[in-house]
Structures are given as C-alpha cells and as structure tokens.
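Student: I should like to go through this structure and ask, term by term, what justifies each description.
Tutor: Please do; each value will be set against its definition.

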Amino acid sequence: MLGRLNHVAIAVRDAQKAAKIYGVAFGAEISDAVPLPEHGVITVFATLPNTKIEFIQPYGETSPIARFLERNADGGIHHICYEVPDIIAARDTLVREGARVLGDGEPKIGAHGKPVLFLHPKDFSGALVEIEQA
Ligand code: CO
C-alpha cells in the first residue's frame with residue numbers, strides 16, 4: 001500500500017546553498033548536510049509540515065546525479081519518495097506487475113536510516129520513484 005509522500009528530491013550542485021532560501025524566506029527547518037557515500041550524494045533536508053524537500057548534491061567521482069546535473073545545469077526535480085509499510089513486499093509486488101527496480105534489487109539504507117529502493121522512471125510516467133519503508 002502506498003503511504004505518505006516522504007520527500008521530493010531536487011538535485012543541485014550545492015545542497016546547503018540551495019536549501020538556504022527555504023530557511024530564510026519560508027522559515028523551514030533545514031537539516032545539516034549528511035554525506036551518503038553508498039548513494040553518491042550529500043543530502044540536506046528542508047522539513048515542511050506534510051513532507052520534506054531533499055536537496056542532493058554529487059558526492060564522490062561516480063555520483064548517480066552527475067549526469068543529471070550535466071543535463072540540468074541549474075538543478076531540477078530528481079525523484080519523489082513514497083513511504084511503504086514493507087519494502088520487500090512492495091518490491092515483490094512491483095516486480096510481479098512489471099516494474100523495474102534499479103540496482104541489484106536489494107534495499108539500501110537511505111538518508112533516514114531506513115531501507116530504500118529506486119524504481120525505473122520509464123515505469124512511472126518519466127519520474128524516478130524512490131520507496132522508503134516507513
Ligand atoms: Co530521496
């Protein structure tokens with residue numbers, strides 16, 4: 001079952017700089033920058049009452065968002081993240097219904113210390129989808 005919208009992710013060259021306007025102009029709570037080497041990104045979160053904005057900047061030589069930023073020099077919406085109650089059950093159902101899971105298909109630990117998976121944009125109307133176990 002699909003749960004809450006956990007976050008919308010925006011890829012940028014400098015996550016702290018990008019998040020700053022959300023803090024100073026909107027009064028949003030801004031997190032510290034957290035490197036996620038396994039995902040090749042540094043994340044900064046702006047917390048909203050009903051969801052979060054995740055700013056991601058490349059980290060390391062082989063960041064999965066490097067190419068995205070080559071195509072979108074000013075940054076852009078990169079993915080949306082939905083919560084699911086059981087990520088393995090959700091994955092197995094998605095695969096059975098023909099959706100493609102990126103990577104080796106095994107969940108990795110995401111920015112909130114919870115298991116996440118990414119789903120192929122071609123199976124979701126052109127949007128990269130992340131699912132996170134709530
Ligand atoms: Co995300």
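Tutor: One definition comes first: a residue is buried when its relative accessible area is under 20%, and exposed when that area is over 50%. The model discussed here is predicted.

Student: Why is T43 called buried or exposed, as the case may be?
Tutor: T43 has a relative accessible area of 2%. The limit for a buried residue is under 20%, so T43 is buried.

Student: What surrounds T43, and in which element is T43 placed?
Tutor: T43 belongs to strand β4. Apart from neighbours within four places in sequence, T43 is in contact with D32, A33, V34, L36, E54, F55, I56 and A111. A contact requires heavy atoms within 4.5 Å. One of these residues, V34, is also the bridge partner of T43.

Student: What makes strand β4 largely enclosed by the rest of the structure?
Tutor: The strand covers residues 41-47, and 6 of its 7 residues are buried. Strand β4 is therefore largely enclosed by the rest of the structure.

Student: How do you know which strands pair with β4?
Tutor: Pairing requires at least two bridges between two strands. Strand β2, residues 29-30, has 2 bridges to β4 in the antiparallel sense, with E29 facing T47 as its bridge partner. Strand β3, residues 34-36, is joined to β4 by 3 bridges and runs antiparallel to it. Strand β5, residues 52-58, is joined to β4 by 7 bridges, again antiparallel; in this pairing V41 has P58 as its bridge partner. Each of these counts satisfies the requirement of at least two bridges, so β2, β3 and β5 are said to pair with β4.

Student: Where are the hairpins that involve β4?
Tutor: One hairpin is formed by β3 and β4, with 4 residues between them. In its turn, G40 has a positive phi of about 70 degrees. Another hairpin leads from β4 to β5, also through 4 residues.

Student: How do you know that β7 and β8 are paired?
Tutor: Strand β7, residues 108-109, and strand β8, residues 115-119, are joined by 2 bridges and run antiparallel. The criterion is at least two bridges, so the strands count as paired. Within this pairing, I109 stands opposite P115. The hairpin of β7 and β8 has 5 residues between the strands, and G113 takes a positive phi near 75 degrees there.

Student: What joins β8 to β9, and what is notable in the loop between them?
Tutor: The two strands run antiparallel and are joined by 4 bridges, with E130 in β9 as the bridge partner of F118. The loop between β8 and β9 contains S125. S125 has a positive phi of about 60 degrees although it is not a glycine.

Student: Why does S125 count as buried or exposed?
Tutor: The relative accessibility of S125 is 79%. Exposed means over 50%, so S125 counts as exposed.

Student: How is E132 classified, and why?
Tutor: E132 is found in strand β9, residues 129-133. Its relative accessibility is 2%, so E132 counts as buried. Residues up to four places away in sequence aside, E132 touches, among others, N6, H7, C81, Y82, H112 and K114. E132 and K108 are 24 residues apart in sequence, with their C-alpha atoms 9.7 Å apart in space.

Student: Why does the chain agree with a compact globule?
Tutor: For 134 residues, a compact globule would have a radius of gyration near 14 Å; the chain has 15 Å, which agrees. Along its principal axes, the C-alpha trace spans about 45 × 35 × 25 Å.

Student: What describes the chain as a whole?
Tutor: The secondary structure comprises 3 helices and 9 strands, in the pattern β-α-β-β-β-β-α-β-α-β-β-β along the sequence. Buried residues form 39% of the 134 residues. Among contacts with a separation of 6 or more, 54% come from residues 24 or more positions apart. The chain exposes about 7,800 Å², of which carbon and sulfur atoms supply 55%. There are 13 positive and 17 negative side chains, and the centres of the two sets lie 5 Å apart.

Key. Residues numbered from 1 in each chain as written. Predicted model: local features only at pLDDT ≥ 70, side-chain atom pairs only at ≥ 80, totals over all residues. Heavy atoms only, no water. Rg over C-alpha atoms; globule rule 2.2 N^0.38 Å. Buried < 20%, exposed > 50% of the residue type's maximum accessible area, 1.4 Å probe, protein only. Areas by Shrake-Rupley, 256 points an atom, 1.4 Å probe, with all protein chains shown as cover. Lys, Arg positive; Asp, Glu negative; His and termini not counted. Charge placed at Lys NZ, Arg CZ, Asp CG, Glu CD.
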